[in-house]
Amino acid sequence: MRSPSPADEEKAELDSHDEDDDAEEEEEDEGENDRAQDKVSEKSKQKRRKRLLQEIAKAKNRGVCYLSRIPPHLKPLKLRHLLSQFGEVLRIYLAPEDAATRLRRKMAGKNSGKNFTEGWVEFSNKKDAKRIAKMLNGEPMGGKKRSAYYYDLWNIKYLRKFKWDNLTEEIAYRNAVREQKQAADISAAKRERDFYLAKVDQSKAISAMEERKTKKQKFDDPPTSLRDNSEPAPSVGTSKIVRHFSQKKSVAVREDGDVPRLSKDVLAAVLGRR
């Protein structure tokens, strides 16, 4: 085998230096890319933080009004249309009436549409909310004369230090309470059902026992000719089993009323005579 020449060794050393330089350049490029990505992520975080602060400031400046009564046939879209002419309306929530109340009204032949009981309206500026509540409370809703709520009055009040998050928390709490109540009602209904089914099974078992006793009594009862006439016949279907056996009288009563003496049958049995 030929030994490497000095020229080959020098070439190998140059190649190794070139590889080291390439590796260092790649590491520098990766470091620059990482720094650039860090800068971009930092800028995006700052933008998000700034946007969040702006949203918080806007949310603090918002106001919420409460409507204690919603006239029939008044829907959220129409309510927004009525209030938007006084200020910028952001969100509206109207609480629907109870399903049982709607069903009773429908069965009575009245309005079968969906009505609402109360509502909350969020305005973009709390000053507008205060002004609108003060201006409209107790005033006629107006609109066209043929509208169903033309003669209804506004029942609106500004909620001081009340935000929309408080409303969502209250709604979530009410939903949780309703779900717990439904779960309790379902559990009580299941217990009642299980108790009823257990009683039904128990009744069936008792009825089967009574039938078996009745059949056994019929099988064990002697014929009517062998039964004593003085004893009443057992009633069919009673649970008590009465058995009858033919008895022999051990003492014979004399006709003259003297002291009774043993009967001949007993003496014959004792003495072994017939």
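This note sets out, point by point, the main structural features of a predicted model.

1. Overall composition. The protein contains 6 helices and 6 strands. Read from the N terminus, the elements follow the order α-β-α-β-α-β-α-β-α-β-β-α. Of its 274 residues, 17% count as buried. The exposed surface of the protein comes to about 22400 Å², of which carbon and sulfur atoms supply 52%. Among contacts between residues at least 6 apart in sequence, 60% join residues at least 24 apart.

2. Strand 3 and its partners. Strand 3 covers residues 116-123, and 7 of its 8 residues are buried, so the strand is largely enclosed by the rest of the structure. Strand 1 (residues 63-67) runs antiparallel to strand 3 and is joined to it by 5 bridges. Strand 2 (residues 89-96) also runs antiparallel to strand 3, with 7 bridges between the two. Individual pairings can be located in the model: V64 has E122 of strand 3 as its bridge partner, while V89 is paired with F123 of strand 3.

3. Helix 2. This helix spans residues 76-84, and L79, L82 and L83 in it are buried. Seen down the helix axis, the buried residues fall within an arc of 90 degrees, so they line one face of helix 2. An α-helix has 3.6 residues a turn, so residues three or four places apart point the same way. L77 and H81, on the other side of helix 2, are exposed. The buried residues of helix 2 pack against strand 1, strand 2, strand 3 and helix 4.

4. Helix 4. Within helix 4 (126-136), the residues A129, I132, A133 and L136 are buried. These residues cover an arc of only 95 degrees around the axis, which puts them on the same side of helix 4. K127 and K134 lie on the other side of helix 4 and are exposed. The cover over the buried residues of helix 4 includes strand 1, helix 2, strand 3 and strand 4 (156-159).

5. The ends of helix 4. The N-terminal end of helix 4 is capped by N125, with a side-chain oxygen 3.0 Å from the backbone nitrogen of K127. After helix 4 comes G138, which has a positive phi, near 85 degrees.

6. A buried arginine. R105 belongs to helix 3 (residues 99-107). Its relative accessible area is 14%, and the cut-off for a buried residue is under 20%, so R105 counts as buried. Once neighbours within four places in sequence are set aside, R105 is in contact with E97, K110, N111, S112, G113 and N115.

7. The salt bridge between R69 and D152. Side chains of opposite charge can pair when their charged atoms come close. A search of the whole structure finds 6 salt bridges. One of them brings together the side chains of R69 and D152, at 3.3 Å from N to O. R69 lies in the loop between strand 1 and helix 2, and D152 in the loop between helix 4 and strand 4, so the pair ties together parts that are 83 residues apart in sequence. R69 is partly exposed, at a relative accessible area of 36%, whereas D152 is buried, at 15%.

8. The salt bridge between E122 and R91. The closest N and O atoms of E122 and R91 are 2.7 Å apart, and the two residues form a salt bridge. This pair links distant parts of the chain, with E122 in strand 3 and R91 in strand 2, 31 residues apart. E122 counts as buried at 3% relative accessibility, and R91 counts as partly exposed at 34%. R62, R91 and E122 are linked in a network of salt bridges. E122 is also the strand 3 residue that serves as the bridge partner of V64.

9. The salt bridge between D194 and R193. The side chains of D194 and R193 meet in a salt bridge, 3.3 Å from N to O. D194 counts as partly exposed at 42% relative accessibility, and R193 is partly exposed as well, with a relative accessible area of 47%.

Note on methods. Residues are numbered from 1 along each chain as its sequence is written. This is a predicted model: local features need pLDDT of at least 70, side-chain atom pairs count only at pLDDT 80 or more; totals for chains, interfaces and linings use all residues. Side-chain values use heavy atoms; hydrogens and water are left out. Buried means under 20% relative accessible area, exposed over 50%, partly exposed in between (1.4 Å probe, protein chains only). Helices (H or I, at least four residues) and strands (E, at least two) are DSSP runs, numbered from the N terminus. Two strands pair if DSSP finds at least two bridges between them. The arc is that of the directions from the helix axis to the C-beta atoms. Contact means heavy atoms within 4.5 Å. A polar contact is a pair of N or O atoms within 3.5 Å; within protein, one must be able to donate a hydrogen and the other to accept it, and residues adjacent in sequence count only if both atoms are side-chain atoms. A salt bridge is a side-chain nitrogen of Lys or Arg within 4 Å of a carboxyl oxygen of Asp or Glu. Accessible areas come from the Shrake-Rupley method with a 1.4 Å probe; for residues, only the protein chains shown count as cover.
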